[in-house]
Amino acid sequence: MPIDHREVAFEDAIEQHLLSAGHLQGKDASFDRERAIDPGAFLAFVQATQPTAWQALEKIHGTETGGVVIEDLCKAMDSQGSLAIIRHGFKCFGKLIRVAHFAPAHRMNPETERLYAANRLAVTRQLHYSTRNENSLDLVLSLNGIPIVTAELKNPMSGQTARHAQQQYRRDRDPAEPIFAFRKRSLVHFAVDPDEAWMTTKLDGPKTRFLPFNRGHGTGAGNPENPGGYRTAYLWERVWQRDSLLDIVGRFMHLEVKETRAGKRRKFTRETMIFPRYHQLDAVRRMEAHAREHGVGRNYLVQHSAGSGKSNSIAWLAHRLASLHNERDEKVFDSIFVITDRVVLDRQLQDTIYQFEHRQGVVCKIDEQQKSTQLAQAIESGTPIVIVTIQTFPFVTEKLGSLPDRRYAVIIDEAHSSTSGESAADLKGVLAGEAIAKQAREQAAEEGRPDYEEEIIRTMLKRGHQDNISFFAFTATPKYKTLEVFGTRGDDGRPHAFHLYSMRQAIGEGFILDVLRNYTTYSLYYKLVKSAEDDPEVDKRKAAQALARFMSLHPHNIAQKTEVMLEHFRQHTRHKIGGRAKAMVATSSRLHAVRYKQEFDRQIKEKGYTQIKALVAFSGTVEDPDIPGASYTEPDMNRQPDGKPLPEKQLPEKFADDEYGLLIVAEKYQTGFDQPLLHTMYVDKRLAGIQAVQTLSRLNRTHSGKEDTFVLDFVNKPEEIYEAFKPYYEITRVGDEADHRQLYDLQAKLDERQIYHQDEVDQFCEVFFKPKQVQTPTDHGRMNSIVDQAVTRFRALEEDEAEEFRKLLASFRSLYSFLSQIIPFQDSDLEKLYTYARFLLSKLPRRPQGPKYDFGDDVDLKYYRLEKISDGTIKLEPGEGGEVKGPTDVGTSVNERPMVELSTLIEQINERFGTDFTEADELFFNQVREEAIADESLREAAKANTIDNFRFVFTKALEGLFIDRMEQNEELFAKFMNEPDFQKVVQEHLLRQVYDEIREEDAA
């Protein structure tokens, strides 16, 4: 007889597994269709687990007790929601009736384990649920008689898939039926076939939205092959498994309530039942299991793409870690610290955890007004979960008394540079203070060190790994330092993320949009002429930058680009997302933002576009050098209808209104800004590396009716953006790793300059690290006088020597701050120099970096053309991931700045950007130069090396860049490879351009 390939065979396989794994067999005939529960199963559970309450009710109601209890249960679920009642029970004539018992955090109470085991989890096939028809559900999972999961199963071998199951829910499953009533009965609905699983927590007819519930295939969407059976077997083998499903209902699912704005004034509340997505469930459980097994003192890096639901993942993780016990029933962590700058996260965290715990005081948010005092109290009292910014920890030390030995989990909302420097060291110093102090005392005594060197040892120790702290760091775009500090070492010896949910998978599953799908680039062609009578000599690099700035701020340039953006927005963008789509203009400076705001307002008014309004966002006050006395602030430029300035904090909410469609920004709102209606971005600034990913990712949030995004880029080339996104599309890997010997090389170079003397470093540290009880009011003056000796020698240096020393010192400071977190140096000389260097750097006077130029009266714009260059998709392919690289060499120098006549420089610029500039060889050189500037490894090398050292790295890379482009200009390629003199000229020409531009960008 042939194998049964019908849908029923798929049902049989799932049912048999669940029954063999401990589920009970539910009965269709026992189901009360009107109330949408199995009364017999629920009453049997109550009688078995709560005999005292049952007997008390029986004395009042006699034989009617069962009907009274069921009636009160249904009323409670209808009013408060089934999830809340399942978790917390309901009152029946003064008696608390528990609806379910959840797994205890430890095994020290046998009674709680007995009650947990008494839960009745049942699976019912073909459940007839309606009083109006004989429709049935393929599969229903119920908890003590209450339906919590429904599923429609399909088999592609019989011509139907999970997509058909979704349509069945939308068309044939009436949301008004009691079993489907949102919040009141079943909690989640699955559409499943052997290959894919989808779920929703709310049936809403044709508008029902299903989310993928798949494991991911490699770094993409879908599910991997399962040698043992169905690709979706994880669903019933792991997720619907008895303990797992009870855990999800008890400690994952929650009701999210958000206030949503519609129009100018109307607000409404939106409720969403949250069921964890697979990657969230997997990540949280894996970290919890690893911490349970291995205890405290581990680091975990979670690389989850935008759109991953990070806030919920953090809330679940924090709550679970706060009650985590190991196999010996010992608590693993005493307190959990959530490090975040996001205001919305603390409210969400408190609301979510309250639904689990139903008690106050579990979560403490540290207020800005009394942050140090409040944090000290939270640490001393052992508050379970504390939400705080990392900048608070340096101020809390003096307010803390002696702390007992405690273990902490630190969850970092966004792992970036601020979580891997001095602030991170201060956090470790506070949470591991007693252990560090004890170790420092013992080491100092053993080595016979003076008192002040004990403090140096303590400072060194707090930078490194702490046995009583585990870090859980979340980020979508890990940098090299992030991977090194928080990553897990793999078999290759390099750090990797503990858990990955890639950008590729998030796009494939539809949780974010592909911002590179519609990418249009423009190029600017122009010609300048010298209008001044004289022809002064100018610093070539500085003057070139001034000319470029002159061009970018030229009224004609601003006006032309504004017109392109405004017309595109009017004709295309504003009609997207049901007429609610918005756009962002990313500018290169605050002055550019001011000029663009003025020009947008002018053109909008001139053209009578009354339905379009623009806002601008920038920090501080901007002075316009071309208009004496003119200054601008963000609130003053954003006027409300009553003429009053718009406060900065109100801008995001105001931009969410339908009244405003355009937001012009200068370094604000380009990271961490979540506005799902943002559809289009106009880019008029250079983007590279992680900044390009973070800026353009503002567009990727999904929204009902949002089908795509659009980028119009005036500055960057598609290949540059492609290279920026490549490391973060799938798995982020590290390239060459930093070598600790670099620190000693830097130390030797600094010592050779003889700007400071070792005895001065020692004297400074002897004062700086004095024990508190012997500090005096004169200590600060003494430290300044010691540092001033080096400052005096620094002032006597030639300009180039002085700047070389400054940059060497800054390189040492940055490298030690990073490496000391991952390498236990235990070298007090390095710590002393680091401490001294931090203060010396702050006192070194800055000298003018060459002359400043303003060519407003000396140069005119003769020719201008803005032309679309490319229009299409920047396609990222699987398996093309890039690397993030760390510092692999050290040292820097300041180079002589070549001087040229202004007319010569203008001629050179015109040769490059003028009407004849489209010659193949000139375009070829420009593309090579731009690709080199965007190359992350070359950028890191240029920042950390002298131009002579950089030359070695660059010449090797340049040959590769030429080879990559050989087909574009074979004649020029052959000349470069075969003629050494020509090759040398090209190398030197491009070397200085690339090096100078990278260094200048870094210094800006």
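How many bridges join strand 8 to strand 9? The legends below take up this question and others, using a predicted model.

**View 1. Strand 8 meets strand 9 at the edge of a mixed sheet.**
The answer is 2 bridges, between strand 8 (residues 197-200) and strand 9. The two strands run antiparallel. In this pair, M199 stands opposite L211 of strand 9. Helix 1 (residues 7-20) packs on the sheet. This helix touches strand 1, strand 4 (121-128), strand 5 (136-143), strand 6 (146-153) and strand 7 (188-192). The direction of helix 1 makes about 160° with that of strand 4. Helix 9 (residues 242-251) also packs on the sheet, touching strand 4, strand 5 and strand 6. Its direction makes about 115° with that of strand 6.

**View 2. The mixed sheet is an open one with 7 strands.**
Follow the strands in the order 1-4-5-6-7-8-9. At the edges sit strand 1 (24-25) and strand 9 (211-212). Each edge strand pairs on one side only. Strands of a sheet pair through backbone hydrogen bonds, either parallel or antiparallel.

**View 3. A parallel sheet also has 7 strands.**
Here the order is 14-15-13-16-17-12-20, and the sheet is open. Strand 14 (363-365) and strand 20 (499-501) are the edge strands, and each pairs on one side only. On average, neighbouring strands are turned by 15° against each other, direction ignored. Look inside the sheet for strand 12 (residues 299-304) and strand 17 (residues 469-475). These two pair in the parallel sense over 5 bridges. One bridge links Y300 to F472 in strand 17. Helix 10 (residues 278-294) lies across strand 12, strand 17 and strand 20. It runs at about 175° to strand 12.

**View 4. Strand 24 is covered on both faces.**
Strand 24 spans residues 614-617. A614 and V616 lie on one side, L615 and A617 on the other. These four residues are all buried. Strand 24 pairs in the parallel sense with strand 27 (residues 662-665), over 4 bridges. Opposite L615 stands L663 of strand 27.

**View 5. Helix 27 packs on helix 30.**
Helix 27 covers residues 758-768, and helix 30 covers residues 828-843. Their axes are 9 Å apart, at an angle of about 85°. The two helices are therefore roughly perpendicular to each other, since angles of 65 to 115 degrees count as such. Helix 27 brings E760, V761, D762, F764, C765 and F768 to the contact. From helix 30 come K832, L833, T835, Y836 and F839. The residues of this contact divide into 7 nonpolar, 1 polar and 3 charged.

**View 6. A76 sits in helix 4 (residues 65-80).**
Is A76 buried or exposed? A76 has a relative accessible area of 7%, so it is buried; the cut-off for buried is under 20%. Leaving out residues up to four places away in sequence, A76 touches G81, I85 and F90. A76 and G89 are 13 residues apart in sequence. In space, they are 8.9 Å apart, C-alpha to C-alpha.

**View 7. The whole chain has 36 helices and 33 strands.**
Of the 1004 residues in the chain, 53% are buried. The chain exposes about 44700 Å², and carbon and sulfur atoms supply 47% of that area. Take the contacts between residues at least 6 apart in sequence: 75% of them join residues at least 24 apart.

Terms used:
Residues are numbered from 1 along each chain as its sequence is written. This is a predicted model: local features need pLDDT of at least 70, side-chain atom pairs count only at pLDDT 80 or more; totals for chains, interfaces and linings use all residues. Side-chain values use heavy atoms; hydrogens and water are left out. Two strands pair if DSSP finds at least two bridges between them. Axes are lines fitted to C-alpha atoms, for helices over the stretch in contact, and angles run from 0 to 180 degrees between N-to-C directions. Contact means heavy atoms within 4.5 Å. Buried means under 20% relative accessible area, exposed over 50%, partly exposed in between (1.4 Å probe, protein chains only). Accessible areas come from the Shrake-Rupley method with a 1.4 Å probe; for residues, only the protein chains shown count as cover. Angles under 35 degrees count as roughly parallel, over 145 as roughly antiparallel, 65 to 115 as roughly perpendicular and the rest as oblique. Ala, Val, Leu, Ile, Met, Phe, Trp, Tyr, Cys and Pro count as nonpolar, Asp, Glu, Lys and Arg as charged, and the others, Gly among them, as polar.
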